[in-house]
Amino acid sequence: MSTKILNSPNAAKAAVKESVYRHMTHTLGIDPADMTPRDGFRALELAIRDLLVERMLATNQRYDRAGAKRVYYLSLEFLIGRSLDNNLINLGLRDICQEILAELKINLQDVEDREPDAALGNGGLGRLAACFLDSLATLGMPGYGYGINYEYGLFRQEIRDGRQVEMPDNWRTYHTPWEIERPQDAVMVPLYGRIEHGKDRAGNYNPMWLDWKVVIGIPHDMPIAGFGGRTVNFLRLFSARASHEFDMSIFNEGDYVNAVQQKVQTETISKVLYPSEIAASGRELRLVQEYFLVACAVRDIVRRYRRDHTDFDAFPDQVAIQLNDTHPTLTVAELMRVFVDESDLSWEKAWEITTSVCAYTNHTLMSEALERWPVYLLEYVVPRHLQIILEINRRFLDDVALRWPGDGERAGRMSIIEEGPTKQVRMAHLAIVGSHSVNGVAVVHSELIKSELVPDFNALWPERFNCKTNGVTPRRWLLAANPPLAELITATIGTDWITNLDRLRALEPSAREPGFSEHFRTVKRSNKLRLAQYVKKTLGDVVDCDSLFDVHVKRIHEYKRQLLKVLQIAHDYLNIVEDGKLPAQPRTYFFAGKAAPGYHTAKDIIRVIHEVAQVIKRDRRASGHIKVVFVPDYRVSLAEIIIPAADLSEQISTAGTEASGTSNMKFATNGAMTIGTLDGANIEIREEVGAENIFIFGLTVEEIRSQRAKGPYRPHEVYERNPAVHRVLDAFRNNRFCQDSPGRHQWIYDRLLEMNERYYHLIDLESYLGVHDEATRLYQDAEAWSAKAILNVARIGKFSSDRTIREYAGNIWKIHPVTAEE
């Protein structure tokens with residue numbers, strides 16, 4: 001299927017149909033007359049893959065002809081979701097494929113629903129990476145993702161008796177045709193071993209890494225199509241394989257289990273996303289995973305470069321490497337090892353190249369979330385890399401001493417090595433020292449990196465620090481996720497918004513047009529009905545589509561404050577059953593999100609949500625007015641159902657804890673009003689959409705800083721002075737929502753009244769209750785609510801990942817579009 005053929009609708013339909021039938025009969029061995037939706041899914045995937053591969057090869061040839069500099073985006077997560085619908089839309093083939101399948105009496109949506117989400121990520125970090133790949137391809141920029149080809153995702157979440165149960169998420173049960181195995185590009189990864197200390201002929205220290213274990217990294221390429229289909233980049237994912245399938249000598253001796261033990265242990269590296277770190281073996285495996293990704297990526301990048309170059313002088317002109325958080329930070333040490341040990345470059349030259357190509361994105365302000373690896377573990381797993389890190393640190397501290405002579409305290413704060421009973425390597429410090437750029441992902445986050453997280457580094461290298469506010473791809477999160485709204489927008493302002501989200505500004509005059517506003521509400525209701533149908537099908541629960549859909553969906557964590565939302569719901573419930581105050585507007589509260597398996601407080605929060613939901617459901621006084629629904633197993637395809645249906649988007653993290661957030665952008669793009677704190681990208685969303693079109697509450701970063709400066713935060717004072725807060729907290733202490741298990745919710749009372757409770761639940765609850773009342777009043781006026789929601793859509797253009805990628809490309813990577821010829 002050539003590009004020229006696909007430019008003609010009739011020819012395109014004929015070509016795609018022929019390919020589908022060919023794969024149905026010749027690849028799958030199925031008579032088209034007997035085709036099921038799953039068969040249709042497999043045949044259509046294969047037909048679309050043929051086209052993607054053709055264009056992927058053509059794209060790479062185009063980059064080669066242009067001598068283009070490429071960016072390599074290293075991330076432990078890529079939350080791709082489903083690929084078929086996204087590929088059909090970006091290739092412009094969805095309508096054609098719908099017609100082809102209809103002729104076979106198969107519904108395209110049924111076919112698309114057969115595809116499992118690619119379980120290659122967990123949360124915002126991985127979804128951001130996926131959005132970036134979409135934007136790189138849409139903009140025609142030479143950019144590739146590098147990750148691990150996990151066999152199992154984090155886990156598939158089930159809820160039993162209100163408790164989270166983790167089940168295996170084997171997303172590759174049915175072979176995915178999107179991945180193209182490249183065994184010819186396999187790489188060898190050394191692990192473990194020892195260092196032999198020696199000298200070269202000139203008498204210089206010459207360490208040799210010996211007796212290492214070899215793991216093979218097998219690359220699999222997943223094509224990433226940009227909108228319009230002219231550029232198809234790829235995500236390269238590595239699977240771990242043993243260097244030998246099994247030890248034949250042991251096998252012949254009859255010890256069959258031990259014969260394959262090496263194979264099993266090796267392939268565990270790419271088996272599961274984020275193994276539990278509770279046990280030492282899990283922590284070791286996590287470090288091995290990180291180095292496996294880095295070693296495979298660096299080896300592949302260097303191999304590609306060396307095809308056209310005999311030395312590394314042009315390496316910074318051809319290669320940019322972006323470290324997505326600290327997980328790929330060993331890239332710094334691996335590049336130095338390759339340059340110094342394998343390519344015989346001087347340390348100084350190798351360091352110049354390494355820092356010229358590496359850039360680091362920070363995603364957290366929470367010090368406990370910044371990776372640290374014990375020195376002893378690095379010495380065991382990658383002994384040569386520890387040597388290199390120690391040398392980097394020695395030279396770095398020499399520079400610090402020159403800048404601040406005699407300031408040992410500052411040197412201790414900045415050192416890559418954290419001293420203590422167990423010495424640890426601070427991976428964020430290594431990333432900062434080894435990169436030429438360090439960026440945050442929202443304005444407030446970037447400023448807090450400089451002022452609070454690593455102020456000493458900012459004082460040393462202020463030019464390295466910058467902001468690249470996150471964005472989301474409108475192709476996935478509006479065009480694909482919300483077809484009715486996309487159609488309404490296109491009918492009003494045309495299609496340019498798909499690749500230039502700023503064009504949504506043209507919708508502003510429509511915000512006060514009754515006809516458009518009515519269509520907008522009709523779209524929202526259709527999306528609410530779709531979510532209600534999903535809830536009925538999966539949970540057996542009935543949801544009122546006339547109620548206000550109030551949505552809090554994200555990873556379960558104390559700083560994201562699902563517990564604050566529960567307190568507000570309990571307040572509403574108590575108002576009804578104790579005060580007889582019926583809400584002016586019925587509400588359905590939606591939660592979704594996973595708790596890390598070892599994060600017991602987060603798992604307790606999930607249980608509390610379910611217990612509160614059950615009490616409300618059984619109480620006839622309240623059940624007709626408020627409802628709580630927890631939708632299990634949150635993932636990209638589920639987000640595509642929930643987000644378009646939301647009336648109110650909960651973005652309520654404690655100010656100064658959320659780096660950026662991207663769900664806030666997705667909700668606003670889909671016409672939800674935001675209720676949130678001035679945290680992360682909420683601040684910039686407020687600036688864009690207007691303070692009058694967003695509900696803001698709670699302490700600001702500055703107010704929290706001032707509060708801490710004055711002395712300890714005493715939540716008990718809030719509890720004593722505010723009757724509503726007092727009553728809600730007492731309800732949990734007095735077993736209102738767990739009468740069958742007295743004392744089970746005591747932890748909530750105790751935790752939230754602790755001196756210096758770090759997430760400021762109670763002091764923010766006061767203003768949170770007030771702003772919810774404000775939202776309820778506004779929702780009573782359908783025209784006024786719709787006008788504000790429409791303005792959110794119209795003014796959200798800044799938060800396209802296309803804008804973010806243009807900023808990375810121009811300011812950090814120095815890459816340019818290499819567009820296809822017409």
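**Exercise 1. In this predicted model, find which residues His 327 is in contact with, leaving aside its neighbours within four places in sequence, and decide whether His 327 is buried or exposed.**

Solution. Leaving aside the neighbours within four places in sequence, the contacts of His 327 are Leu 76, Leu 125, Tyr 274, Arg 286, Glu 290 and Glu 371. The next step is to place the residue along the chain, where His 327 is found in the loop between strand E11 (319-324) and helix H13 (331-342). Finally, a residue is buried when its relative accessible area is under 20%, and because His 327 has 7% relative accessibility, it counts as buried.

**Exercise 2. Work out the strand order of the open sheet of six strands, and explain why one side of E20 and of E23 is left without a neighbour in the sheet.**

Solution. The order of the strands is E20-E19-E18-E21-E22-E23, and the pairing is parallel. Strand E20 (626-630) and strand E23 (695-696) stand at the edges, and because each has a single partner strand, one side of each has no neighbour in the sheet. For E20, strand E19 (residues 587-592) runs parallel to it and is joined to it by five bridges; in one of the pairs, Tyr 589 has Val 628 of E20 as its bridge partner. Helix H35 (residues 782-794) packs on this sheet, where it touches strands E18 (548-553), E21 (648-651), E22 (673-676) and E23, and its direction makes about 85 degrees with that of E22.

**Exercise 3. Check whether the span of helix H24 (residues 562-579) agrees or disagrees with 1.5 Å a residue, and find how many of its residues are buried.**

Solution. At 1.5 Å a residue, the 18 residues of H24 should span 26 Å, and since the end C-alpha atoms are 25 Å apart, the two values agree. Of these 18 residues 16 are buried, so the helix is largely enclosed by the rest of the structure. After H24 comes Gly 580, which has a positive phi, near 70 degrees.

**Exercise 4. Identify the residues that touch the most other members of the largest nonpolar core, and name the helix that gives this core its largest share.**

Solution. The largest nonpolar core has 219 residues, and those touching the most other members are Ile 48, Leu 93, Phe 315, Phe 732, Leu 762 and Trp 813. Helix H11 (residues 280-306) contributes the largest share, with 14 residues. Another core, of 59 residues, lies apart from this one, and its members include Leu 79, Val 472, Phe 667 and Ile 790.

Note on methods:
Residues are numbered from 1 along each chain as its sequence is written. This is a predicted model: local features need pLDDT of at least 70, side-chain atom pairs count only at pLDDT 80 or more; totals for chains, interfaces and linings use all residues. Side-chain values use heavy atoms; hydrogens and water are left out. Two strands pair if DSSP finds at least two bridges between them. Helices (H or I, at least four residues) and strands (E, at least two) are DSSP runs, numbered from the N terminus. Contact means heavy atoms within 4.5 Å. Axes are lines fitted to C-alpha atoms, for helices over the stretch in contact, and angles run from 0 to 180 degrees between N-to-C directions. A nonpolar core is a set of buried Ala, Val, Leu, Ile, Met, Phe, Trp, Tyr and Cys residues joined through side-chain atoms within 4.5 Å. Buried means under 20% relative accessible area, exposed over 50%, partly exposed in between (1.4 Å probe, protein chains only). The expected span of a helix is 1.5 Å times one less than its number of residues.
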